[in-house]
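Subject: Handing over a structure

Hi,

Here is the structure I promised to pass on to you. Please have a look at it first, and then read on for what turned up.

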Amino acid sequence: MMTLKYLLEKEFKQFARNKFLPRMVIGFPFMSLLIFPLVANFDVKNLNLAVVDHDHSPYSRRLTHKTTASGYFRITDASGTYEQALTAIELDRADIILEIPAGFERDLVRDQTATVMVAANTVNGTRGGLGSAYLSGIVNDFAGEIRGEWLASAPRLVTPTFEIVPQYRFNPNLDYRVFMIPAIMVMMLTMVCGFLPALNIVQEKERGTMEQMNVTPVRRFTFILAKLIPYWVIGFVTLTICFGVAWMFYGMTPAGSLGTIYLFASAFILAISGLGLVISNYARTIQQGMFMMFFFVVTMILMGGLYTPVASMPGWAQTISDFLPLKYFIIVMRAVYLKGSDTAALLKPLAALSCFAVAFYAWAIVSYRKRT
Amino acid sequence: MRQFFAFVVKEFRHIFRDRTTTAILLGLPVVMLTLFGFAITTEVRNTRFAVYDPSNDDTTRAIVERLAANEYFIRGPVLTDPSQIQGVFQRGEAGLVVVFSRDFQQKMATDGTAQIQLVADGSDPNTSRTLVVYATGVISAFALERMQASGVPFMISSEVRLLYNPSMKGAYNFVPGTMGMILLLICAMMTSISIAREKETGTMEVLLVSPVRPLQVILAKTVPYFVISVIDLATILLMSVYILDVPIVGSVPLLVGIALIYIFMALAMGILISSVANSQSTALLMSGMVLMLPVIMLSGMIFPIETMPRALQWLAQIVPARWFISAVRKVMIRGLGFDAVKNEIAVLSAMALFMIAASLRRHRTRLE
């Protein structure tokens, strides 16, 4: 027990004397949580629309006006030809083209049917796809309006339609921040508690201080525990800073209890730091350790469901994501923050995170050899 | 010149003698691009939808059939009471619940309209919005067909053309992004230890008393990593074309040219970090961890820059990956020529020069 105390004292002193680390542990989560919640936004608004109006009729002007009135589009280009509008798309001055053919009004009145052309830049499929869906919807609404005006005199000709009402549970205004803030917190925790331990043991190896450690009677179990506990503390500091910033600047507090989050976080931090120590044990140089951890951290961030849904990944990728501790933790964070779930509702992620924590800790002990 | 080559040879030996690290440097980008190229997508496919249908008539059944036939949706549980909706979302059994009003068909006949509620799980705003828009599209198309069949006048049909990515593949958007992230971070991490390591192992002193000039030191340190990065670039491009199915529509030399400028810039950035940091671990944390955040969040890789607040859009302009990703999307996916990417090339070149100049300034010829 005394050994552990002295080892911990050594670790904390080393950490505090480093010029870069303490500043980073405080500043990094603070800045990130301040700035990045504003970034994450898939809102499809303010799409730049290029209108090619060959008709110049009252109807075509009304349709054009209706597109801007919807709030989704702003007209940035009024070209004479489709080719010119296409150039606007190539120069990124426009995202989507609405082409109204000559004789649009005449066709609509005489033949009672007309066609418009919509062309969207779909390199970003979400933006292009939703944009063209919105635009087609506006065109349909416009047709309904015209129909209403012409048929007002003949009310017998009722056209049956559906009224579609969307409703969003848990987040009725579709606020992206409530989605993003838990994700950024998890990302911070993964980076801080992942990278630091990954560099720790291997650094002692490279500097030669490991030799001294190896000749002491310190047991492997105690040694690894002394390496883990500081990251546990650092992780809790990081998480607390995150909570503070989210509350102060974004007015966001969890719907569930903070205690639940800290409980799950303690298992998650143990798992991530454990993985870091495992890597540190296997790496021969700091560079190797960093590259390996970099791989795991980026994989967790990009495949764990932080920013893109796990459900839209192919089957084999979903299987991989089952082995990422982050996937379970982000489920917990979102559930507690948004839906107010309690521990009882989250037993499965709790079991998974505890397994990861125990497994990585055990692995870190086994992979630490007192021989060089 | 001979001095310079001797120096380059020293650096090459340093790197390639460490087989494991070389293998990691060459293998990592390939593995990462494959994983993320397939996995990162905001496409919403195969979502389960639940149905609460108290009327259960021909029209409502036809609408459910339509939704189930669509590639975005899979038929999920059938609910018997609206109170079950909450539970369905909490257990994650469905992403969308379609709720029909009572006496649906009858209401349509008498009132001319009937209500369909689309209830989505809003905890992921992007997915839920996309689901609602897609479901609305499917139902509207169904309504339109019915109207056409019954000869309703004043129809305007929209003929939709999807430019550059007609099958709406997520990879077309995310593969350029992933390339930008991997190249920048890996290149910067490679060179960021170079000078820091010499400082830490004490060999820096030997270097400083030698007649090698600072610019030569910096360039000689980038050369071997440049070779490794070019191999990485070649594998990445081959992978994206042959494995991820993202074709290079535009000119290959132009794409490679842009990528080479970008790689050089990233390596120079690593050197700059190396000359600022005083230990390897600090250098690696700066290049791998601190740099990773702006590259993922502000480069337009996942989140479109156009929808960010104005101040962050300005901040995004100093993230090099933002320019590279934009250029790759233009050349590789959209097949545009040199004129369209002039700005990107100019900015990346300027950044590269800046990095070299700044590292030269930081490079001290004496130790503290």
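Which residues form one aromatic cluster with A:Trp232? The other members are A:Phe236, A:Phe243, A:Tyr262 and A:Tyr337.

Before the rest, a word on conventions. This is a predicted model, in which local features need pLDDT of at least 70 and side-chain atom pairs count only at pLDDT 80 or more, while totals for chains, interfaces and linings use all residues. Residues are numbered from 1 along each chain as its sequence is written, chains are lettered from A and ligands numbered from 1 in the order in which they are written, and side-chain values use heavy atoms, with hydrogens and water left out.

Aromatic rings

Over all chains, the structure holds 23 aromatic pairs (rings of Phe, Tyr and Trp, the last by its six-membered ring, with centres within 6.5 Å; planes under 30 degrees apart are stacked, over 60 edge-to-face, the rest tilted). One of them joins A:Phe268 and A:Phe329: the ring centres are 4.4 Å apart and the planes are at 10°, so this pair is stacked. The pair links distant parts of the chain, 61 residues apart, with A:Phe268 in helix 10 (residues 258–282) of chain A and A:Phe329 in helix 13 (residues 325–339) of chain A. Helices here are DSSP runs (H or I, at least four residues), numbered from the N terminus. A:Phe268 is buried at a relative accessible area of 0%, and A:Phe329 is also buried, at 0% (buried means under 20% relative accessible area, exposed over 50%, partly exposed in between, with a 1.4 Å probe and protein chains only).

In chain B, the rings of B:Phe4 and B:Phe5 have centres 6.0 Å apart and planes at 65°, so they are edge-to-face. B:Phe4 is buried, with a relative accessible area of 14%.

Two charges sit over rings in chain B as well (NZ of Lys or CZ of Arg within 6 Å of the ring centre and within 35 degrees of the ring normal). B:Lys10 has its charged end over the ring of B:Phe7, 5.0 Å from the centre, and B:Arg322 lies over the face of B:Trp323, 4.2 Å from the ring centre.

Two helices

Helix 13 of chain A, where A:Phe329 sits, has 15 residues and reaches 21 Å from first to last C-alpha, close to the 21 Å expected (1.5 Å times one less than the number of residues). Of its 15 residues 13 are buried, so helix 13 of chain A is largely enclosed by the rest of the structure. A:Gly340 follows, with a positive phi near 70°.

In helix 14 (residues 320–333) of chain B, the end C-alpha atoms are 19 Å apart, which agrees with the 20 Å that its 14 residues should span. Here 14 of the 14 residues are buried, so this helix too is largely enclosed by the rest of the structure.

Cavities

A search of the whole structure finds two cavities of 30 Å³ or more (sets of points on a 1 Å grid over the protein atoms alone where a 1.4 Å probe fits but cannot get out; grid points are joined across faces, edges and corners, and a volume is the space filled by probe spheres set on the points). The largest has a volume of about 130 Å³. Its lining has 14 residues, and the closest to its centre are A:Gly125, A:Thr126, B:Glu43, B:Tyr134 and B:Met168 (lining residues have an atom within 4 Å of a point).

Best wishes

Key:
On a 1 Å grid over the protein atoms alone, a cavity is a set of points where a 1.4 Å probe fits but cannot get out, and a pocket is an open set with protein on both sides within 12 Å along at least five of seven lines; lining residues have an atom within 4 Å of a point. Helices (H or I, at least four residues) and strands (E, at least two) are DSSP runs, numbered from the N terminus.
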